[in-house]
Amino acid sequence: MTEAPDGPSGAGPSGLGPSGIRAAVIRRYGGPEEFRAETVPEPAAGPGQVLIDVALAGVNYADLHCRTGGYARFPLPAVLGADVIGRRRGDGRRVAALLRTGGGYAQVACAERSFTVEVPDEVGDEQALALLEQGATAYAALALLGRLRPGECVAVTAAAGGVGHLAVQLARELGAGRVLGLASTPAKREFVRSLGADAVFDPAAPELAELLAESGGVDLFVDSAGGRGLRDGLAALAPFGRLLCVGARGGPEEAFAVDELAERSAGVLGFWLQHVLDDRVLFSGVVEQLFRLAGRGRLTARIDRIVPLSGVGGAHRALAARQTMGKVLIDVHREG
Ligand SMILES: NC(=O)c1ccc[n+]([C@@H]2O[C@H](COP(=O)([O-])OP(=O)(O)OC[C@H]3O[C@@H](n4cnc5c(N)ncnc54)[C@H](OP(=O)(O)O)[C@@H]3O)[C@@H](O)[C@H]2O)c1
């Protein structure tokens with residue numbers, strides 16, 4: 001690659017490292033076919049940053065929007081990818097990191113020191129990486145913003161997904177009385193039941209709101225799908241219920257009138273993980289809690305697949321086509 005990747009890899013034209021590394025690169029915004037495994041300059045760490053020799057990189061749903069240019073528009077050519085695990089340069093410690101400006105789908109990543117966490121021995125690479133972005137989102141949504149109280153009923157959309165399957169387990173762990181999941185295929189629903197959900201429904205069921213509202217209604221509805229499903233979520237809420245939005249899939253936005261909320265004494269909440277990251281103590285506390293639960297076998301991430309660098313486009317296709325359950329990972333040292 002002749003041009004320097006300006007933003008996502010963390011290496012601007014003036015900050016190129018000495019050697020080339022392999023990465024999945026996009027040279028324009030578009031479909032999954034835009035990814036190419038290429039040699040790019042190694043990023044160079046600036047103040048407050050660390051280099052990580054990456055073992056595995058994660059794929060997150062937001063990467064799909066980044067790829068089309070619909071979310072964070074990184075300068076092109078770009079290396080996407082928001083979470084990695086590997087060895088920190090300098091001390092060789094095993095660390096996981098969140099990358100807020102991309103650069104994860106590569107053999108070396110540049111991370112903010114404050115978004116980097118050491119991983120305890122009892123938590124393996126795959127588990128730690130699957131827990132970092134999606135687990136922190138699930139935990140913070142339930143415990144911090146959702147203020148889940150013991151005995152409450154929680155419903156989770158995309159419950160077999162990266163965030164969702166961890167939210168189902170964490171809701172149980174945090175003392176939810178009843179946990180409901182939404183998942184679009186029988187295999188996914190079976191998987192969600194195996195995680196301890198009390199009932200699992202098809203999000204396309206016409207009578208969904210009634211099904212969810214059985215047994216007294218939902219206290220905390222954790223939604224990552226957006227669109228019309230939010231109406232079902234609101235309709236299913238018990239008095240003092242919270243509809244908590246962690247994501248959307250690009251459908252039409254829903255707006256709620258204050259009167260609709262007052263009729264149920266309900267709240268609509270929006271969550272962004274960045275606000276957890278902004279508080280170093282909060283972030284490390286959340287991640288420590290996740291690693292502790294994983295280390296004790298009380299929280300287990302499902303790894304859907306591990307693809308080589310040349311398989312990133314296929315991984316994006318599978319995520320968009322709703323074909324994955326759990327976390328999708330990239331082995332940045334394999335190409336085919
Ligand atoms: N707020 C934050 O800071 C934050 C942080 C991390 C993630 N997120 C959000 O959390 C959500 C989950 O992220 P993730 O990475 O764990 O992804 P994911 O849930 O594993 O994404 C795949 C699943 O999403 C569901 N889905 C629902 N509507 C879809 C549609 N129109 N197209 C494709 N899939 C659809 C599908 O499950 P079914 O087929 O079962 O419906 C699919 O299997 C995303 O919206 C993401 O942006 C937000």
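Here are some notes on helix packing, the ligand surroundings and a few backbone details in this structure.

1. Before anything else, keep in mind that this is a predicted model. The points below start with the helices, move on to the ligand, and end with the backbone.

2. Two packed helices are described by the angle between their axes and the distance between the axes. A good place to begin is H2, which covers residues 125-145, and H3, which covers residues 162-173. Their axes sit 8 Å apart, and the packing angle is about 50 degrees. That makes the pair oblique, and the crossing of H2 and H3 is right-handed.

3. Who touches whom in that pair? On the H2 side, the contact residues are Ala-130, Leu-131, Gln-134, Gly-135, Thr-137, Ala-138, Tyr-139 and Leu-142. Facing them from H3 are Gly-162, Val-163, Leu-166, Ala-167, Leu-170 and Ala-171. Sorted by class, the contact of H2 with H3 has 10 nonpolar residues, 4 polar ones and no charged ones.

4. H2 also packs against H9 (residues 280-295), with the two axes coming within 9 Å and crossing at roughly 110 degrees. H2 and H9 are therefore roughly perpendicular, and H2 goes past H9 in a right-handed crossing. From H2, the contact draws on Ala-128, Leu-131, Leu-132, Gly-135, Ala-136, Tyr-139 and Leu-144. H9 brings Leu-282, Phe-283, Val-286, Val-287, Gln-289, Leu-290, Phe-291 and Ala-294. The tally for H2 with H9 is 13 nonpolar, 2 polar and no charged residues.

5. Now look at H1 (residues 61-68) and H10 (residues 312-320), whose axes are 10 Å apart at an angle of about 115 degrees. H1 and H10 are therefore roughly perpendicular to each other, and their crossing is left-handed. Tyr-61, Asp-63, Leu-64 and Arg-67 from H1 meet His-316, Leu-319 and Ala-320 from H10. Charged residues do turn up here: the contact of H1 with H10 has 2 of them, along with 4 nonpolar and 1 polar.

6. On to the ligand, which has 24 residues around it. Which of these come nearest? They are Val-163, Ser-184, Lys-188, Leu-273 and Arg-322. Val-163 is worth a second look, as it also belongs to the H3 side of the contact with H2.

7. Some polar atoms at the ligand can be pinned down too. A polar side-chain atom of Gln-134 is 3.1 Å from a ligand oxygen atom, and a polar backbone atom of Gly-162 is 2.8 Å from an oxygen atom of the ligand. Both Gln-134 and Gly-162 take part in the contact between H2 and H3 as well. For a nitrogen atom of the ligand, look to Val-246, where a polar backbone atom lies 2.9 Å away.

8. Where does Val-246 sit? You'll find Val-246 in the loop between strand E12 (237-245) and helix H7 (258-264). Setting aside neighbours within four places in sequence, Val-246 is in contact with Thr-137, Ala-141, Val-222, Asp-223, Ser-224 and Phe-271. Its C-alpha atom is 8.7 Å from that of Gly-226, a residue 20 positions away along the chain.

9. Finally, two backbone details to check on screen. The peptide bond from Leu-76 to Pro-77 is cis, with omega near -10 degrees; Pro-77 is in the loop between H1 and strand E4 (83-88). Phe-240, in strand E12, has a positive phi of about 70 degrees despite not being a glycine.

How values were computed
Residues numbered from 1 in each chain as written. Predicted model: local features only at pLDDT ≥ 70, side-chain atom pairs only at ≥ 80, totals over all residues. Heavy atoms only, no water. Axes fitted to C-alpha atoms, helices over the stretch in contact; angles between N-to-C directions. Helix = DSSP H or I, 4+ residues; strand = E, 2+ residues; numbered from the N terminus. Parallel < 35°, antiparallel > 145°, perpendicular 65-115°, else oblique. Left-handed = near helix turned anticlockwise from the far one by under 90°. Contact = heavy atoms within 4.5 Å. Nonpolar A, V, L, I, M, F, W, Y, C, P; charged D, E, K, R; others polar. Near = heavy atom within 4 Å. Polar contact = N/O pair within 3.5 Å; in protein donor to acceptor, adjacent residues only side chain to side chain.
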